[in-house]
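Let's work through a few exercises together. Have a look at the chain first, then try each task before you read its solution.

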Amino acid sequence: MNQSANPSAPDLDRVAVVLSGLCLLHCLALPVVIVSLPFVAQFAETHWHTPMLLFAVPISTLAIVIGYRRHGNRQIVAAGALGLGLLIVGATIAHAHYGAMADRLLTVSGSLLLAAVHWKNSRQLRLHPRDVDAALAKT
């Protein structure tokens, strides 16, 4: 397989950090959106967290798994799982049953934790250079 076609773990970490940042921006911008609710009411029928999870969860999971296979740091995997769990619970259960404040608290916490995890993961990958194709072949 063409090596340029394979995403590298540092690239996935960068994408995951950007997605975490977008999630954080979305959550923090929500008060501004609420103030401008008459204008944005036409867009308020959908819940944006679920579509965002469809991108964030697979990309984050793949980046963390590839990183773990190269550096073996279980703390990164555990923190990544916690961050993803916070995002998923915040965007689904908390949003549906506990309201916007619980949703925001969990998703912002998960997003910040995931950004830190991906930063640490990318740092560990630089310390443990190894063929990305070998790591991808193990998945």
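Before we begin, one cut-off: a residue is called buried when its relative accessible area is under 20%, exposed when that area is over 50%, and partly exposed in between. Keep in mind that this is a predicted model.

**Exercise 1. Sort L25, and find the patch it belongs to.**

Solution. Start with the location: L25 sits in helix α1, which covers residues 9-35. Next, take its relative accessibility, which is 55%. The cut-off for exposed is over 50%, so L25 counts as exposed. Now look for its partners on the surface. L25 joins V18 and L22 in a nonpolar surface patch of about 290 Å².

**Exercise 2. Describe the chain as a whole: which elements does it have, and how much of it is buried?**

Solution. Count the elements first: there are 6 helices and 0 strands. Walking along the sequence, you get the pattern α-α-α-α-α-α. Then turn to burial. The chain has 139 residues, and 34% of them are buried. For the outside, the exposed area comes to about 8,200 Å², with carbon and sulfur atoms supplying 71% of it. Finally, check how the contacts are spread: of those with a separation of 6 or more, 80% link residues 24 or more positions apart.

**Exercise 3. Take V89 and G83 in turn: is each one buried, exposed or partly exposed?**

Solution. Begin with V89, which is found in helix α4, residues 74-97. Its relative accessible area is 34%. That value falls in between the two cut-offs, so V89 is partly exposed. Leaving out residues up to four places away in sequence, V89 touches A94, H95 and L106. You can also compare sequence with space: V89 and D103 are 14 residues apart in sequence, and their C-alpha atoms are 8.0 Å apart.

Now move to G83, also placed in helix α4. Its relative accessibility is 0%, so G83 counts as buried. With the same kind of neighbours left out, up to four places away, G83 touches G110, L113 and L114. From G83 to A116 you step over 33 residues in sequence, while the C-alpha to C-alpha distance is 9.5 Å.

**Exercise 4. Which residues does N121 contact, leaving aside its neighbours within four places in sequence?**

Solution. First, place N121: it belongs to helix α5, which spans residues 100-127. Second, check its cover. N121 has 0% relative accessibility, so it counts as buried. Third, list the contacts: D13, A63, I64, G67, Y68, H71 and I76. Last, pick one of these, I64, and look at the spacing. N121 and I64 are 57 residues apart in sequence, but 6.9 Å apart in space, C-alpha to C-alpha.

**Exercise 5. Find the second largest pocket: how many residues line it, and which helices supply at least two of them each?**

Solution. Start with the space itself, which is about 160 Å³. Then go to the lining, made by 14 residues. To find the middle of the pocket, look for L19, C23, M52, L53 and A56, which lie nearest its centre. Finally, trace the lining back to the helices: α1, α3 (49-71), α4 and α5 each supply at least two residues.

Note on methods. Residues are numbered from 1 along each chain as its sequence is written. This is a predicted model: local features need pLDDT of at least 70, side-chain atom pairs count only at pLDDT 80 or more; totals for chains, interfaces and linings use all residues. Side-chain values use heavy atoms; hydrogens and water are left out. Patches are made of residues with over 30% relative accessible area and no salt bridge: like charges are joined within 9 Å, nonpolar side chains (Val, Leu, Ile, Met, Phe, Trp, Tyr) within 5 Å. Accessible areas come from the Shrake-Rupley method with a 1.4 Å probe; for residues, only the protein chains shown count as cover. A salt bridge is a side-chain nitrogen of Lys or Arg within 4 Å of a carboxyl oxygen of Asp or Glu. Helices (H or I, at least four residues) and strands (E, at least two) are DSSP runs, numbered from the N terminus. Buried means under 20% relative accessible area, exposed over 50%, partly exposed in between (1.4 Å probe, protein chains only). Contact means heavy atoms within 4.5 Å. On a 1 Å grid over the protein atoms alone, a cavity is a set of points where a 1.4 Å probe fits but cannot get out, and a pocket is an open set with protein on both sides within 12 Å along at least five of seven lines; lining residues have an atom within 4 Å of a point. Grid points are joined across faces, edges and corners, and a volume is the space filled by probe spheres set on the points.
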